[in-house]
Amino acid sequence: MNRTKGSVVNRIDYPLLVPVFFLLLIGVMAIYIAVSQDYPAKLAPVVGQQIMWMLIGVALAALVMFFNTKFLWKVTPILYVLGLGLMVLPLYFYSPSLVASTGAQNWVTVGGVTLFQPSEFMKISYIVMMARLTVGFHKRHPKRTIKEDFLLIGYLLLCTLPVLVLLYLQSDLGTALVFLAIFAGMVLISGVSWKILWPIVGLACVAGIAFIVLFTAPGGTALLHNLGMDTYKINRITAWLDPFKNAQSTTYQQAQSLIAIGSGGISGIGFNKTNLLIPVRESDMIFTVIGEDFGFIGGATVIVLYLLLIYRMLRITLESNNRFYTYISTGYIMMLLFHVFENIGAATGLLPLTGIPLPFISQGGSSIISNLLGVGLIMSMSYQHNLSDDRRRSKSRVYQKITIKRVEK
């Protein structure tokens with residue numbers, strides 16, 4: 001294919017794709033190691049399925065790349081309503097055994113076959129809807145006052161509450177935290193006055209400290225359980241506070257994770273080797289595979305790839321100078337950052353376990369496709385910017401030719 005000026009190939013942002021490619025490659029390798037150690041009989045189907053999901057995600061990302069601002073603006077409300085509709089499905093089509101093992105009713109299961117997790121796709125719909133609401137509000141209210149800021153927050157809350165209600169009914173606290181992180185990022189970049197934000201941040205900090213004090217107080221966990229807090233949530237926080245207290249029972253997963261990562265040392269124990277059994281390490285605990293087999297070097301490489309990806313997305317956002325895409329990019333970056341921070345933080349004992357997958361690496365079709373759709377939106381931002389530049393250059397050349405001809409006459 002000729003890489004001529006103005007061609008589709010030249011408008012693709014390759015620096016964005018490079019870290020994504022290597023993260024996907026690391027994901028396939030890590031899943032291969034996890035499954036070959038834990039479920040060797042299922043190795044080919046699981047790895048093959050993951051590669052298939054990646055290819056589907058790449059194809060959809062390539063399609064989204066051609067979306068222009070006008071089309072995306074029009075289709076956003078449809079995507080949002082469709083996303084909410086899909087999130088209702090797990091309330092009726094679910095696997096009781098899967099709910100019992102995970103504590104959340106967030107997967108669609110039909111005829112014993114688990115199909116997909118609607119909340120993963122809702123993240124992308126939610127991001128573009130929040131971006132549309134914010135840009136539309138700014139157009140209608142160019143002058144900003146405290147009253148206008150409260151009104152904007154109210155609109156964004158109206159968009160967020162249906163999602164949080166459905167996640168509450170699904171008992172999916174981990175995913176709800178992702179949406180709250182996206183919401184916080186959107187509010188922050190929307191220019192809401194710090195006179196509003198500082199009291200909210202302070203109140204959140206006080207509430208968090210009060211919760212930890214209550215949780216660790218004598219009889220605190222019993223009181224929280226009586227108030228409606230699920231047992232598995234209490235166990236996860238207990239495992240975070242003291243992972244080795246009940247290492248053979250309720251804190252087993254957290255304790256095994258810390259030992260596995262610690263045993264990896266600087267360079268790891270070697271490819272496809274493991275000394276410990278860690279539940280669901282092919283998905284939520286995938287970082288333990290990287291830490292154990294490839295050590296600090298492997299874990300640091302993954303983190304650097306994420307940082308390069310985020311850096312490139314920020315560069316694209318700044319260059320595009322498109323408000324709608326800026327808010328979309330902000331939402332996606334907040335989603336990505338929260339996933340990475342929470343997943344790796346949980347695996348290393350810095351944060352409680354929440355069941356949040358590691359982007360592009362953890363096993364799971366819904367997560368892979370959702371994250372690649374987000375990459376497609378960022379690629380669309382870059383593509384549309386490059387297309388606009390090509391058109392401006394083309395008009396400039398035409399104008400120069402006309403001017404030369406007039407001078408020659």
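Ala, Val, Leu, Ile, Met, Phe, Trp, Tyr, Cys and Pro count here as nonpolar, Asp, Glu, Lys and Arg as charged, and the others, Gly among them, as polar. The model is predicted: local features need pLDDT of at least 70, side-chain atom pairs count only at pLDDT 80 or more, and totals for chains, interfaces and linings use all residues. Residues are numbered from 1 along each chain as its sequence is written, and side-chain values use heavy atoms, with hydrogens and water left out.

**The cavity**

A cavity is a set of points, on a 1 Å grid over the protein atoms alone, where a 1.4 Å probe fits but cannot get out; lining residues have an atom within 4 Å of a point. Grid points are joined across faces, edges and corners, and a volume is the space filled by probe spheres set on the points. The structure holds 1 cavity of 30 Å³ or more, and the largest cavity encloses about 30 Å³ of space. Its lining consists of Ile 33, Gln 37, Lys 273, Thr 274, Arg 281, Val 289, Glu 292 and Asp 293. The elements giving two or more residues to this lining are helix H2 (14-38) and helix H13 (286-320); helices (H or I, at least four residues) are DSSP runs, numbered from the N terminus. H13 gives the most, with 3 residues.

| Class in the lining of the largest cavity | Residues |
|---|---|
| Nonpolar | 2 |
| Polar | 2 |
| Charged | 4 |

**Helices H7 and H8**

The axes of helix H7 (residues 146-169) and helix H8 (residues 173-189) come within 10 Å and cross at roughly 170°. Axes are lines fitted to C-alpha atoms over the stretch in contact, and angles run from 0 to 180 degrees between N-to-C directions. H7 and H8 are therefore roughly antiparallel (an angle over 145 degrees). Residues of H7 including Ile 153, Leu 156 and Val 163 meet residues of H8, among them Phe 179, Leu 180 and Phe 183; contact means heavy atoms within 4.5 Å. The residues of this contact divide into 11 nonpolar, 2 polar and no charged.

**Ile 12**

Ile 12 is found in the loop between helix H1 (8-11) and H2. Leaving aside neighbours within four places in sequence, Ile 12 is in contact with Leu 17, Met 65 and Met 379.

Note on methods:
Angles under 35 degrees count as roughly parallel, over 145 as roughly antiparallel, 65 to 115 as roughly perpendicular and the rest as oblique. On a 1 Å grid over the protein atoms alone, a cavity is a set of points where a 1.4 Å probe fits but cannot get out, and a pocket is an open set with protein on both sides within 12 Å along at least five of seven lines; lining residues have an atom within 4 Å of a point.
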